[in-house]
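Trainee: Could you take a close look with me at a single part of this structure, the packing of its side chains and helices? I would like to follow it residue by residue.

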Amino acid sequence: MDGWYVDDRCINCDAARQLAPGLIGEADGRSQILRPPGDEAELRRLHAAAFACPTRSIRPADGRPDQTLDPFPMALDDGVLLCGHHSRHTAGASSYLLLRPSGTAMMIDTPRWSRELAERYAASGLVTDVLLTHRDHAAHGRRYADHFGARLWIHEGDLDAAPDADHVIRGLEPLQIGDGVTAQPLPGHTRGSVLYLADDRYCFSGDSFYWSRATGDLEVAQSVTWYSIEELAASLARAAGRLRFEWILPGHGDRHRLTADEMSRRLRALAERTRLLRPEPIDFTAVRW
């Protein structure tokens with residue numbers, strides 16, 4: 001489409017479609033270009049998709065995106081940057097930089113590893129902590145933590161994915177890990193899944209739940225719940241009433257912002273819906289992005 005194309009390495013992770021809605025869509029289990037960019041803003045959105053794509057499958061006619069149009073890390077809000085440059089080793093998951101009032105930053109999950117990217121992220125503020133939401137996103141955690149001189153965090157339930165973590169979150173109770181930042185264990189997607197919440201504003205949910213464009217609501221990925229959908233339902237029931245945030249910032253699935261009261265209402269409703277779910281065979285194609 002006007003020279004832009006999606007090559008056959010696409011793993012249908014949805015990252016590109018989140019960044020270029022209306023320009024990239026889904027067909028037959030992969031992304032496709034829907035139409036050419038109509039102006040400079042749309043061209044920039046296509047480039048954001050290209051630089052986020054974990055398989056580098058979104059490409060212009062000459063096969064090389066314009067390096068000067070790489071927007072990452074890209075501001076989503078005053079306090080959060082999207083890292084971009086998603087990694088195949090995390091199935092294309094999103095990762096984030098949480099900016100702190102002290103001028104430091106925390107990295108939540110990880111983009112693909114490169115020294116050049118690490119130095120680019122460090123320019124946003126001294127990264128003091130790398131927070132892993134669960135085992136599926138543990139790739140590159142140690143390398144980024146060592147590069148930054150940061151502390152690596154993971155829950156004990158997924159410790160075998162990062163056995164050299166500097167801090168291990170234990171049990172089910174929330175744990176304050178920094179000024180205004182709390183880890184909330186939420187077993188279900190994996191045994192050691194964790195939410196990270198900051199400032200009653202941001203919820204980094206890993207793969208526990210996400211915003212679905214298909215349903216216009218919070219959803220759980222029932223068909224890719226590795227540990228236990230029943231345990232996830234119990235975790236949501238236990239935590240939903242006390243979680244306060246405006247932004248849902250997942251690893252997979254879309255991001256969204258609502259008022260804290262509206263997010264709280266929707267999270268309680270999600271807990272009720274999840275209580276009715278039963279285990280399903282693993283099926284990536286069944287997720288409602």
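Mentor: Happy to. Let's begin with a term: a polar contact is a pair of N or O atoms within 3.5 Å, and within protein one of the two must be able to donate a hydrogen and the other to accept it. Please keep in mind that this is a predicted model.

Now to Q184, which sits in strand β13, residues 181–185. Its side chain reaches the backbone oxygen of L172 at 3.5 Å. The side chain of Q184 also has a partner in the side chain of R242, with a polar contact of 3.4 Å between them. Is Q184 buried or exposed? Its relative accessible area is 3%, and buried means under 20%, so Q184 counts as buried. Setting aside neighbours within four places in sequence, Q184 is in contact with L172, P174, V194, L195, L197, A239, R242 and L243.

One of those contacts, A239, brings us to helix α5, which spans residues 229–239. The axes of α5 and helix α6, residues 260–275, come within 9 Å and cross at roughly 150°. Angles over 145 degrees count as roughly antiparallel, and α5 and α6 are therefore roughly antiparallel to each other. The crossing of α5 past α6 is left-handed. On the α5 side the contact is made by I229, L232, A233, L236 and A237, while α6 supplies L267, L270, A271, T274 and R275. Sorted by type, the residues of this contact are eight nonpolar, one polar and one charged.

A271 is a handy residue for viewing that contact from α6. At 8% relative accessibility, A271 is buried, because the cut-off is under 20%. Not counting residues up to four places away in sequence, A271 touches L236, A237 and A240. From A271 to A233 there are 38 residues in sequence, but 6.1 Å in space between their C-alpha atoms.

Let's set a second helix pair beside this one. Helix α3, residues 115–122, packs on helix α4, residues 141–148, at an angle of about 55°, with axes 11 Å apart. α3 and α4 are therefore oblique to each other, and α3 passes α4 in a right-handed crossing. Here R115, L117, A118, E119, Y121 and A122 of α3 meet Y144, H147 and F148 of α4. That contact divides into six nonpolar residues, one polar and two charged.

For another buried side chain, turn to L46 in helix α2, residues 40–52. L46 has a relative accessible area of 0% and is buried. Beyond its neighbours within four places in sequence, L46 is in contact with W4, A20, L23, I24, I33, P37 and I58. L46 and R268 are 36 Å apart, C-alpha to C-alpha, and 222 residues apart in sequence.

Finally, a few backbone details in the loops. F72 and P73 are joined by a cis peptide bond, with omega about 0°, and P73 lies in the loop between β4 and β5. H85, in the loop between β6 and β7, has a positive phi of about 45° although it is not a glycine. D200 has a positive phi as well, about 55°, and is not a glycine either; its loop runs between β14 and β15. Their surroundings contrast: H85 is buried at 2% relative accessibility, whereas D200 is exposed at 57%.

Conventions. Residues are numbered from 1 along each chain as its sequence is written. This is a predicted model: local features need pLDDT of at least 70, side-chain atom pairs count only at pLDDT 80 or more; totals for chains, interfaces and linings use all residues. Side-chain values use heavy atoms; hydrogens and water are left out. Axes are lines fitted to C-alpha atoms, for helices over the stretch in contact, and angles run from 0 to 180 degrees between N-to-C directions. Helices (H or I, at least four residues) and strands (E, at least two) are DSSP runs, numbered from the N terminus. Angles under 35 degrees count as roughly parallel, over 145 as roughly antiparallel, 65 to 115 as roughly perpendicular and the rest as oblique. A crossing is left-handed if the near helix is turned anticlockwise from the far one by less than a right angle, and right-handed if clockwise. Contact means heavy atoms within 4.5 Å. Ala, Val, Leu, Ile, Met, Phe, Trp, Tyr, Cys and Pro count as nonpolar, Asp, Glu, Lys and Arg as charged, and the others, Gly among them, as polar. Buried means under 20% relative accessible area, exposed over 50%, partly exposed in between (1.4 Å probe, protein chains only).
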